[in-house]
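User: I'm new to this one and would like a walk through it. Could you take my questions one by one?

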Amino acid sequence: MQLNDTAAIVTGGASGLGAATAAALAAKGAQVFAFDLPQAIEDAPEVAGVTYVGVDVTDPEQVAAAVATASDVPLRTVVNCAGIGPSMRILGRKGPHDLAFYAKVVQVNLIGTFNVMTLAAEQIAQTEPLADGARGVVINTASIAAYDGQVGQAAYASSKGGVVGLTLPAARDLAQFGIRVLTIAPGIIETPMLATVSEEFRAGLAAGVPFPQRLGRPQEYAQLALAMVEHDYLNGEVVRMDGALRMAPR
């Protein structure tokens, strides 16, 4: 599928994986709408072809209104990168895992992903079909924590495991509309979250990656997302992007 003269939505588009993906899609000729929280957009860089839209991905009304802004040209691509990654043990020194904390992580990472995918798919389904009846593609973001969740990652691993489990049924549900659904499961990536830790700690994380023995880069996530968009026969699949890393318990 070609991106030129089409619209694309990227959630979490103001920083990290989302910002890199938004820039890559725009460079390929897409008109990109980067969804993010208003406070995140305030610090976002100006990128040609990228329009920032303040939206909470867990709010159906906000998402529906934001998706409507991407209707001037055919909406063909959605990449869901919005997410949070706090940690808490099921039973820790301060007591049992807070249920509201757990629900919040699932609400943002899993329900937010489902919300945007669903409402954007409705818009994509109204576009004119391309070759083989194709209309578009949705790429969601899981994590290797979906498979190798560490100590303190019960909420995060649950939410990302849900995204993995969503991939195939979503692809099957949306097949009749010519919409493909794929998921990327990144390993340890150099994002703003990691920028707050010491270089020594970052080097320790990189040393655990078999090869290449370094942290992943947001641009590599964007590169994979572009390859998925352009590969019309790739559907219903989860692809790990982790340098063959398998996480230890802690």
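## A salt-bridge network

Analyst: Sure, let's start with one pair: the side chains of Arg240 and Asp242 meet in a salt bridge, 2.7 Å from N to O. Keep in mind that this is a predicted model.

User: Which residues do salt bridges that share partners join into one network?

Analyst: Start from Arg240, which meets Asp242 in a salt bridge. Asp242 also meets Arg246, at 3.2 Å from N to O, and Arg240 meets Asp148 at 3.1 Å. Chain these shared partners together and the one network is Asp148, Arg240, Asp242 and Arg246.

User: How many residues apart are Asp148 and Arg240?

Analyst: Asp148 sits in helix 5 (residues 145–148) and Arg240 in strand 9. The pair links distant parts of the chain, and the separation is 92 residues.

User: Is Arg240 buried, partly exposed or exposed?

Analyst: Buried means under 20% relative accessible area and exposed means over 50%. Two of its partners are on the buried side: Asp148 has 16% and Asp242 has 12%. Arg240 has 24% relative accessibility, so Arg240 counts as partly exposed.

User: How many salt bridges does the structure hold?

Analyst: The network we just went through includes the pair Asp242 and Arg246. For the structure, the count is six.

## The sheet

User: In what order do the strands of the sheet line up?

Analyst: Seven strands form an open sheet, with parallel pairing. The edges are strand 3 (50–54) and strand 9 (238–241), each pairing on one side only. From one strand to the next the twist averages 20 degrees. Reading across, the order is 3-2-1-4-7-8-9.

User: Which residue in strand 7 stands opposite Asn80?

Analyst: Strand 4 (residues 75–80) and strand 7 (residues 136–141) run parallel, joined by four bridges. Opposite Asn80, in strand 7, stands Asn140.

User: What angle does helix 4 make with strand 4?

Analyst: Helix 4 (residues 99–124) packs on the sheet, where it touches strand 1 (7–11), strand 4, strand 7 and strand 8 (179–186). Compare its direction with that of strand 4 and you get about 175 degrees.

User: Which residue in strand 2 does Ala7 stand opposite?

Analyst: Strand 1 and strand 2 run parallel and are joined by five bridges. Across from Ala7, in strand 2, is Gln31.

User: Which residues of strand 1 point the other way from Ala7, Ile9 and Thr11?

Analyst: In a regular strand, side chains alternate between the two faces of the sheet. Five of the five residues of strand 1 are buried, so strand 1 is largely enclosed by the rest of the structure. Ala7, Ile9 and Thr11 point one way, and pointing the other way are Ala8 and Val10.

## Helix 1 and the cores

User: How many of the 12 residues of helix 1 are buried?

Analyst: Helix 1 (residues 16–27) reaches 17 Å from first C-alpha to last, close to the expected 16 Å. Among its buried residues are Leu17, Thr21 and Leu25. Helix 1 is mostly covered, and the number buried is nine.

User: Which residue takes a positive phi just after helix 1?

Analyst: The phi there is about 105 degrees. The residue with that positive value is Gly29.

User: How many residues are in the largest nonpolar core?

Analyst: Those with the most contacts inside this core are Val10, Leu25, Val32, Val79, Ile139, Ile184 and Tyr221. Strand 1, helix 1, strand 2 (31–36), strand 7, strand 8 and helix 8 (218–230) each give two or more residues to it. Beyond its neighbours within four places in sequence, Val79 touches residues including Val10, Leu25, Ile139 and Tyr221. The core's size is 28 residues.

User: How many residues make up the second, separate core?

Analyst: Ala7, Val53, Val78 and Ala121 are among the members of this second core. Its count is 26 residues.

## Out in a loop

User: Is Asp132 buried or exposed?

Analyst: Asp132 lies in the loop between helix 4 and strand 7. Asp232 is 100 residues away in sequence, yet the two C-alpha atoms are 9.3 Å apart in space. The relative accessibility of Asp132 is 85%, and over 50% means exposed, so Asp132 counts as exposed.

Technical notes. Residues are numbered from 1 along each chain as its sequence is written. This is a predicted model: local features need pLDDT of at least 70, side-chain atom pairs count only at pLDDT 80 or more; totals for chains, interfaces and linings use all residues. Side-chain values use heavy atoms; hydrogens and water are left out. Two strands pair if DSSP finds at least two bridges between them. Axes are lines fitted to C-alpha atoms, for helices over the stretch in contact, and angles run from 0 to 180 degrees between N-to-C directions. Contact means heavy atoms within 4.5 Å. A salt bridge is a side-chain nitrogen of Lys or Arg within 4 Å of a carboxyl oxygen of Asp or Glu. Buried means under 20% relative accessible area, exposed over 50%, partly exposed in between (1.4 Å probe, protein chains only). The expected span of a helix is 1.5 Å times one less than its number of residues. A nonpolar core is a set of buried Ala, Val, Leu, Ile, Met, Phe, Trp, Tyr and Cys residues joined through side-chain atoms within 4.5 Å.
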